[in-house]
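Visitor: I would like to go through this model term by term, asking at each step what justifies the word being used.
Guide: Then let us set each value beside its definition and see what follows.

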Amino acid sequence: MDTTPPTGPDTATPTRGPRTLAGCRAGDTVIVDGIDLDERHRFRLMELGLRAGVIIRVVQRSGFGGRVVARGPERIALDGGTARAISVRTPDDAEQEMTR
């Protein structure tokens, strides 16, 4: 029995490219890059303090893709669809962009 993991372009894990909040694990600290929602929902998230450039920490993951994120002492619960619409990057990515 061959236990070698499959290889090829369809099985590679991307190291770059768009990353969303839905792909983050509990404990990850990320920077919000953008929010791909309609104006009304994007405005509401901005009222809650979620906007491009803000550093947030993922506190909890739910079974259906939702996330609870922390921005300072505040906690914000997001459903899975909203988490998939928020693009993020790691602080390491931001540092690399600044040195270019």
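Guide: We can begin with pairing, for which the rule is that two strands count as paired if DSSP finds at least two bridges between them. Please keep in mind throughout that this is a predicted model.

Visitor: Why are S2 and strand S3 said to pair?
Guide: S2 and strand S3, the latter covering residues 55-61, share 3 bridges in the antiparallel sense; because the definition asks for at least two bridges, the two strands qualify as a pair. One of the partnerships involves Val-30, whose bridge partner in S3 is Ile-56.

Visitor: What makes S2 and strand S6 a pair?
Guide: Here the count is 4 bridges, again in the antiparallel sense, with S6 spanning residues 86-89, and the threshold of at least two is therefore met. Within S6, Ile-86 is the bridge partner of Ile-35.

Visitor: How do you know which strands are the edge strands of the sheet?
Guide: The open sheet has 6 strands in the order S1-S6-S2-S3-S4-S5, with antiparallel pairing. Strand S1 (19-20) and S5 each pair on one side only, and these are the edge strands.

Visitor: What joins S4 and S5, and which residue in the turn has a positive phi?
Guide: Strand S4, residues 67-71, pairs with S5 over 5 bridges in the antiparallel sense, and the two form a hairpin with 2 residues between them, where Gly-72 in the turn has a positive phi of about 65°. Across this pairing, Ala-70 stands opposite Arg-75, while Arg-67 stands opposite Leu-78.

Visitor: Why is S2 called mostly covered?
Guide: Of the 7 residues in S2, which runs over residues 29-35, 5 are buried; that label requires under 20% relative accessible area, so the description rests on 5 of 7 residues falling below this cut-off. For the protein chain, buried residues make up 32% of its 100 residues.

Visitor: What makes a group of residues a nonpolar core, and which members touch the most others?
Guide: Members must be buried residues of the listed nonpolar types, joined through side-chain atoms within 4.5 Å. The largest such core has 17 residues, of which Leu-21, Leu-50, Ile-56, Val-69, Leu-78 and Ile-86 touch the most other members. S2, S3, strand S5 (74-78) and S6 each supply at least two residues of this core, and S2 gives the most, with 3 residues. As background, nonpolar side chains in soluble globular proteins tend to be buried together.

Visitor: Which residues does Leu-78 touch, leaving aside those up to four places away in sequence?
Guide: Leu-78 touches Leu-21, Leu-45, Leu-50, Gly-66, Arg-67, Val-69 and Ile-86; "touch" here means heavy atoms within 4.5 Å.

Visitor: What is the confidence of the prediction, and where is it below 50?
Guide: The protein chain averages a pLDDT of 84, and 75% of the residues score at least 70. Over residues 1-6, however, the pLDDT is below 50, and beyond near neighbours in sequence this stretch has 1 contact in the model. Residues 8-15 likewise stay under 50, with 1 contact beyond four places in sequence.

Technical notes: Residues numbered from 1 in each chain as written. Predicted model: local features only at pLDDT ≥ 70, side-chain atom pairs only at ≥ 80, totals over all residues. Heavy atoms only, no water. Buried < 20%, exposed > 50% of the residue type's maximum accessible area, 1.4 Å probe, protein only. pLDDT = per-residue confidence, 0-100.
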